Amino acid sequence: ISSGFVYEGVEGNRVEGVTATIYYKENESGAEQQWDAEEFGQQNPQVTNGSGIYMWNVPKGLWQVRFAKDGYEPTQTEWLPVPPPQLDIMVPMTQHTTPVVTKANADENGVSISFSKYMQTASLTGISVRQDGVAVSGRLLFPEAQDGLTNRVHFMAETPFTAQEVQLTVPAEAKSYAGDVMAAADVRTLTVERVIEDLVVQTDAAIQV
């Protein structure tokens, strides 16, 4: 067996639609060739599904899988012997695109930010929030960070916002897992969402009844 999955940035971010092609040679000095999988009732190449998975049941020999997808750098595994079964071979793929902020929203306690790519957390320390033109004290949280990468950031304010709007700045130096920086600083004004106290009171009253 030769199987595994393809991911981008972090292992949980699987890549769908990757063409995976497996190659075979009998030994280190043998000639490599694309494996004729049809003879064994299988397909070669394969296209990864939403879980980024590829898999073949292969006979004895040396095997290498090569991966390609438009917009991504091609990559490949090492030549791997079978036996033993080669399972859970995790293959990273890299896409060099300019990262952007895809979503940002504010509530009374802070600002949540989402990115189009997994970002290097060390490059996000310049994120800042201003209220009425004054810098807000707070701290950055990376609740879903893995291996120094995240695609979501939360700025937690030291004290709740009092203004109706706050200004968020994500610096141009913010860097993706692939080392690509933003085209420019992302500066935007966010409306602070607030809890409607009357709704809370009505809910409590309904529970009491």
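Is Arg152 buried or partly exposed? In this predicted model, Arg152 is partly exposed, because its relative accessible area is 38% and the buried class ends under 20%. The legends below take up this residue again, along with several other spots to look at on screen.

**View 1. Glu144 and Arg152 meet through their side chains in a salt bridge.** The N to O distance here is 3.2 Å. Glu144 has a relative accessible area of 40%, so this residue is partly exposed. Arg152, at 38%, is partly exposed as well. For context as you browse, the structure holds 5 salt bridges, and two further examples have their own views below.

**View 2. Arg66 and Glu32 form a salt bridge that links distant parts of the chain.** Their side chains come to 2.5 Å, N to O. Arg66 sits in strand β7, while Glu32 belongs to the loop between β3 and β4, and the two residues are 34 apart. Arg66 counts as partly exposed because its relative accessibility is 23%. Glu32, with 43% relative accessibility, also counts as partly exposed.

**View 3. Strand β3 (residues 19-25) is mostly covered and has three strand partners to visit.** Of the 7 residues in β3, 6 are buried. Strand β7 (residues 61-68) runs antiparallel to β3, and 7 bridges join them; here Thr21 stands opposite Arg66, the arginine you met in the previous view. Strand β5 (residues 46-47) pairs with β3 in the antiparallel sense over 2 bridges, with Ala20 opposite Gln46. Strand β4 (residues 33-34) is likewise antiparallel to β3 and joined by 2 bridges, and in this pairing Tyr23 faces Gln34.

**View 4. Eight strands line up in an open sheet with mixed pairing.** Walk across the sheet in the order β14-β13-β17-β18-β11-β12-β16-β15. At the edges are β14 (134-135) and β15 (138-141), each of which pairs on one side only. For a look at the β15 edge, follow its antiparallel pairing with β16, which spans 4 bridges. Arg139 of β15 stands opposite Met156 in β16.

**View 5. Side chains alternate along strand β13 (residues 128-131).** Val129 and Gln131 point to one face and are buried. Ser128 and Arg130 point to the other face and are not buried. On one pairing, β13 runs antiparallel to β17 and 3 bridges join the two; Arg130 stands opposite Gln167 there. On another, 2 bridges join β13 to the antiparallel strand β14, where Val134 is the bridge partner of Gln131. Strands β13 and β14 make a hairpin with 2 residues between them. Take a moment for Asp132 in that turn, which has a positive phi of about 55 degrees.

**View 6. Val111, Phe115 and Leu168 touch the most other members of the largest nonpolar core.** This core has 22 residues. Two or more of its residues come from each of β11 (101-107), β12 (110-120), β16 (149-157), β17 (165-170) and β18 (186-193). Strand β12 gives the largest share, 4 residues. Another core lies apart from this one and has 20 residues, among them Trp35, Tyr54, Val58 and Phe67.

**View 7. Leu168 makes contacts with many residues beyond its sequence neighbours.** Leaving aside residues up to four places away in sequence, Leu168 touches Ala104, Val111, Ile113, Ile127, Ser128, Val129, Asp186, Val187, Arg188 and Leu190. Two of these, Arg188 and Asp186, join their side chains in a salt bridge of 2.9 Å, N to O. Which of those two is buried? Asp186 counts as buried, because its relative accessibility is 14% and the cut-off is under 20%. Arg188, with a relative accessibility of 26%, counts as partly exposed.

**View 8. Ile1, Ile53, Met55 and Leu87 form a nonpolar patch on the surface.** Together these four side chains belong to residues with about 350 Å² of accessible area. Met55 has its place in strand β6 (residues 53-56). The relative accessibility of Met55 is 48%, so Met55 counts as partly exposed.

Note on methods. Residues are numbered from 1 along each chain as its sequence is written. This is a predicted model: local features need pLDDT of at least 70, side-chain atom pairs count only at pLDDT 80 or more; totals for chains, interfaces and linings use all residues. Side-chain values use heavy atoms; hydrogens and water are left out. Buried means under 20% relative accessible area, exposed over 50%, partly exposed in between (1.4 Å probe, protein chains only). Two strands pair if DSSP finds at least two bridges between them. A nonpolar core is a set of buried Ala, Val, Leu, Ile, Met, Phe, Trp, Tyr and Cys residues joined through side-chain atoms within 4.5 Å. Contact means heavy atoms within 4.5 Å. Patches are made of residues with over 30% relative accessible area and no salt bridge: like charges are joined within 9 Å, nonpolar side chains (Val, Leu, Ile, Met, Phe, Trp, Tyr) within 5 Å. Accessible areas come from the Shrake-Rupley method with a 1.4 Å probe; for residues, only the protein chains shown count as cover.
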